[in-house]
Protein chains: 2
Amino acid sequence: MIEAFSPRKDLEDHQADLRAVQDLLQRHRLVEKLVERQEMPKRQLVESLVHRQNLAELRAKLDAMHPADIAYVLESLPLEERLVVWILVKADRDGEILLEVSDAVRETLIRSMDSQELVAAAEQLEADEIADLAPDLPEGVIHDVFQALPIEEREQLRSAMSYPEDAAGALMDFDVVSVREDTRIDAVTRYLRRFDSLPHHTDQIFVVDRDERLKGVLPLSKLIVSELEHSVADVMVTDVVTMQARDRAREAAKAFERYDLVSAPVVDERGKLVGRVTVDKVVDFIRSESQSELLTQAGLREEEDVFSSVWASVKNRWAWLAINLMTAFIASRVIGAFEHSIEKLVALAALMPIVAGIGGNSGNQTITMIVRSIALGQVQREHGRKLLAKELGVSLLNGLIWGSALGLIAYWLYRKLPLGLVMTAAMTLNLALAATAGVLIPLTMVRLGRDPALGSSVLITAITDSGGFFIFLGLATLFLV
Amino acid sequence: MIEAFSPRKDLEDHQADLRAVQDLLQRHRLVEKLVERQEMPKRQLVESLVHRQNLAELRAKLDAMHPADIAYVLESLPLEERLVVWILVKADRDGEILLEVSDAVRETLIRSMDSQELVAAAEQLEADEIADLAPDLPEGVIHDVFQALPIEEREQLRSAMSYPEDAAGALMDFDVVSVREDTRIDAVTRYLRRFDSLPHHTDQIFVVDRDERLKGVLPLSKLIVSELEHSVADVMVTDVVTMQARDRAREAAKAFERYDLVSAPVVDERGKLVGRVTVDKVVDFIRSESQSELLTQAGLREEEDVFSSVWASVKNRWAWLAINLMTAFIASRVIGAFEHSIEKLVALAALMPIVAGIGGNSGNQTITMIVRSIALGQVQREHGRKLLAKELGVSLLNGLIWGSALGLIAYWLYRKLPLGLVMTAAMTLNLALAATAGVLIPLTMVRLGRDPALGSSVLITAITDSGGFFIFLGLATLFLV
């Protein structure tokens with residue numbers, strides 16, 4: 001039954017592609033191993049029929065694949081095999097594929113190409129796409145590409161490269177189809193029929209006045225059902241979500257989510273149409289944003305090529321470990337200050353990590369929720385007091401429940417009632433500290449105009465670690481020793 | 001200049017809306033306070049002109065707002081004010097708005113409605129949308145809604161409700177426009193013009209045979225530029241990404257990302273067209289998936305209404321704290337086993353959290369990267385050995401660098417060379433343990449058919465904590481005490 005429409009593409013097809021490529025590479029490797037073992041001279045290998053057949057087959061397979069699927073294969077191969085495949089990919093698809101792979105893998109591919117190849121790859125792309133690649137390209141290559149572009153596209157490239165990565169302009173392309181509002185619908189259809197094909201993600205065409213200022217949009221789904229003798233002005237939609245190139249990309253993405261957009265016009269301060277943002281770029285942006293949030297939370301500087309070298313990985317993870325070492329050192333010095341008490345009552349050493357650990361957990365729960373609500377725009381500064389009251393309530397309740405449980409356990413382990421009471425009190429206080437810091441850190445960050453997500457987890461863990469040790473050992477010193 | 005096209009919607013407009021609603025609520029509250037202070041009898045308040053005017057103004061403001069913007073306002077208001085606004089929202093928009101708000105806020109709204117209101121709200125929606133709300137609706141309401149639906153939609157609702165949340169079917173709607181392949185393009189355009197408007201996100205119409213089996217798609221952008229006398233078969237695209245309702249939603253979302261789709265047909269096992277998935281649903285899915293990853297990492301069971309009650313929050317965070325308490329307890333018992341050594345050399349108590357902490361961090365870096373690569377399909381089982389070798393390399397390098405630094409610091413603090421050496425050795429070993437666990441845990445999870453992301457962070461932290469304490473205190477006991 002499925003054969004009835006074999007050209008269709010199933011969701012697992014790209015994985016089958018990967019396996020096919022891996023099989024072909026495997027065969028390729030077997031032949032090469034013969035050479036390594038010197039069972040076949042190198043020259044003979046290159047000329048060998050089997051070898052050439054393998055490569056031809058691999059190349060044919062790659063030619064039939066979608067650029068995004070080739071990108072997937074490249075990402076999934078260890079470096080050596082990745083480069084074998086990369087060399088076989090038709091040169092005129094290099095640009096497209098470079099756009100699809102992750103930053104880390106793109107670096108490895110670009111490093112394997114000379115400037116001539118890079119210029120050729122970039123020249124296949126449109127201005128906004130070249131701008132996306134630009135940060136990874138050598139200076140000279142960008143210069144050469146720039147020189148080779150027609151004037152209009154040069155302007156576009158210059159403008160696309162001028163936006164920071166977190167601006168809506170970085171998501172923008174220049175593939176806008178526009179008409180005037182006094183045009184008749186039948187004229188619009190005739191005009192559109194002159195195109196070989198409309199730009200990708202054209203769900204609407206833009207309506208502008210003679211100064212190129214945006215007046216509205218004409219959705220294709222509306223154009224198609226409109227009477228031919230109407231004018232554009234009759235059927236166009238004027239309640240249009242528009243963005244400016246300097247708007248934050250995150251806000252642009254939220255507008256796409258909120259209003260279920262496929263494309264949105266970008267205008268300048270004067271309302272002149274300068275480009276558009278399409279949902280495919282927004283999807284990529286949302287994905288990469290959420291990935292980098294996850295990576296940052298785990299202390300990775302950036303996306304890492306899973307097959308990268310040991311040294312590249314060490315560099316990527318270095319900064320975070322250094323920060324963590326510093327906070328751990330501070331916590332260690334807090335403990336050091338109480339060594340005298342620990343010497344007298346060694347149970348403290350065994351119990352103190354519990355107080356610190358639970359505090360860190362609870363604090364991370366609070367701060368994650370607050371940071372998220374701030375990002376969604378749900379929390380304003382004036383809510384601070386309300387939120388703090390609530391979180392303190394949560395922490396007191398948790399402190400009493402878990403603190404009492406731990407107090408009992410401490411008593412049961414060491415048969416010292418005062419130790420149990422100190423444990424309960426320290427837990428409750430550290431949870432309250434965690435709640436307070438969890439609310440105040442992100443709200444303060446916002447007030448200082450910083451991203452509340454950045455480093456919030458490190459900061460709160462540092463506070464609850466050192467704070468937890470201090471509270472617990474301090475109380476113990478006061479009441480037990 | 002901006003006034004030239006005032007109907008346009010800027011990215012900040014919804015925030016201005018929120019502020020406007022808050023101002024109106026503020027005025028509303030001021031009047032109510034007069035009643036509370038008994039400076040005005042309740043009956044007089046209700047009848048008071050000011051009061052009625054305030055509410056009318058608020059209602060007018062809400063009527064003019066997009067459902068998604070009202071949802072944003074509802075999310076951003078504390079419970080009491082949220083319900084004031086909710087009552088003022090026109091009843092015929094309830095359904096749409098319930099779809100837009102987060103699960104946690106939806107619960108609070110639904111709790112405030114009686115069954116009649118809920119049935120009325122659900123009846124405004126399409127089958128796939130009702131299915132989205134269904135988990136939050138009381139049994140009786142779903143029954144009533146079901147009875148009220150026409151037969152075709154009943155079938156759709158039944159089918160939509162039958163898919164688990166993580167299946168592509170859960171993203172599916174039934175708004176498909178389809179034509180036969182032997183139709184002429186001009187007939188297609190005439191057919192489409194009979195619609196008042198095409199369903200949202202119609203970027204392509206589906207081409208089916210007389211048994212409703214999918215033969216291809218006809219993108220609107222292609223339809224618009226096609227010659228009228230061609231037949232659909234001449235211009236349709238047959239290389240179509242299709243999904244089945246039982247495919248995993250995550251795979252469906254990846255296909256949208258990979259191939260930049262706006263909509264995709266859903267077929268059954270026989271290739272019969274049953275519905276479609278659109279990019280707006282995919283964007284929501286990606287967002288909620290990444291949110292729940294972040295929340296899970298921080299130990300929150302689910303999305304939390306930031307203004308929810310203390311008790312609801314405690315329940316949401318309970319499970320994680322309990323697990324954490326258990327792992328902390330185990331670590332504490334490991335330390336307890338070495339109390340004798342700590343008593344003799346109390347510096348161990350101060351240094352041990354550093355070894356455990358850095359191990360936890362490094363392990364989380366490794367496991368996050370591996371889990372992410374598995375999710376992207378880049379890592380297969382056969383890569384295990386290669387990845388382990390690399391991660392061990394990274395950990396040894398880090399162990400030597402940071403371990404030596406810490407060894408020096410320990411020596412400097414306590415003037416004991418052997419203590420410094422034990423510190424360095426323990427750091428290196430714990431980092432190697434972290435690397436091993438970081439690679440093996442997710443790969444084992446995959447082999448067992450489980451989600452490698454779930455609980456991986458807790459597990460690795462537990463291992464590096466207990467392991468770190470054991471290694472450090474064990475070495476110290478062997479060589480120092």
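In which sense do strand 3 of chain A and strand 4 of chain A pair, and over how many bridges? In this predicted model, the two strands run antiparallel to each other, and five bridges join strand 3 (residues 204-208) of chain A to strand 4 of chain A. One of the pairings puts A:Ile205 opposite A:Leu218, its bridge partner in strand 4 of chain A.

That pairing belongs to a bigger arrangement, namely an open sheet of three strands in chain A with the order 2-3-4. Pairing across this sheet is mixed. Its edges are strand 2 (178-180) and strand 4 (214-219) of chain A, each of which pairs on one side only. On average, and with direction ignored, neighbouring strands of the sheet are turned by 35 degrees against each other.

Next come two helices of chain A. A packed pair of helices is described by the angle between the axes and by the distance between them. For helix 15 (residues 249-259) of chain A and helix 16 (residues 279-298) of chain A, the angle is about 115 degrees and the axes are 10 Å apart. The crossing of helix 15 of chain A past helix 16 of chain A is left-handed. On the helix 15 side, the contact is made by A:Ala249, A:Ala253 and A:Phe256. Facing them from helix 16 of chain A are A:Val279, A:Val282, A:Phe285 and A:Ile286. Sorted by character, the residues of this contact between helix 15 and helix 16 of chain A come out as seven nonpolar, no polar and no charged.

Zooming out, the domain assignment splits chain A into domain 1 (2-166), domain 2 (172-279) and domain 3 (310-479). Between the C-alpha centres of domain 2 and domain 3 of chain A there is a separation of 52 Å.

Then there is the second chain. Chain B contributes 113 residues to the contact with chain A, and chain A contributes 114 residues. On the side of chain B that touches chain A, the breakdown is 56 nonpolar, 30 polar and 27 charged residues. How is chain B superposed on chain A? A rotation of 180 degrees does the job, with 0.0 Å of shift along its axis and an RMSD of 0.1 Å. The two copies are therefore related as by a two-fold rotation axis. Both copies also use the same surface, since 100% of the contact residues of chain B recur in chain A.

Note on methods. Residues are numbered from 1 along each chain as its sequence is written. Chains are lettered from A and ligands numbered from 1 in the order in which they are written. This is a predicted model: local features need pLDDT of at least 70, side-chain atom pairs count only at pLDDT 80 or more; totals for chains, interfaces and linings use all residues. Two residues are in contact if their C-beta atoms, placed from the backbone, lie within 7 Å. Ala, Val, Leu, Ile, Met, Phe, Trp, Tyr, Cys and Pro count as nonpolar, Asp, Glu, Lys and Arg as charged, and the others, Gly among them, as polar. Domain bounds come from an automatic or database domain assignment. Copies are superposed by least squares on the C-alpha atoms of residues with pLDDT of at least 70 in both. Two strands pair if DSSP finds at least two bridges between them. Helices (H or I, at least four residues) and strands (E, at least two) are DSSP runs, numbered from the N terminus. Axes are lines fitted to C-alpha atoms, for helices over the stretch in contact, and angles run from 0 to 180 degrees between N-to-C directions. A crossing is left-handed if the near helix is turned anticlockwise from the far one by less than a right angle, and right-handed if clockwise.
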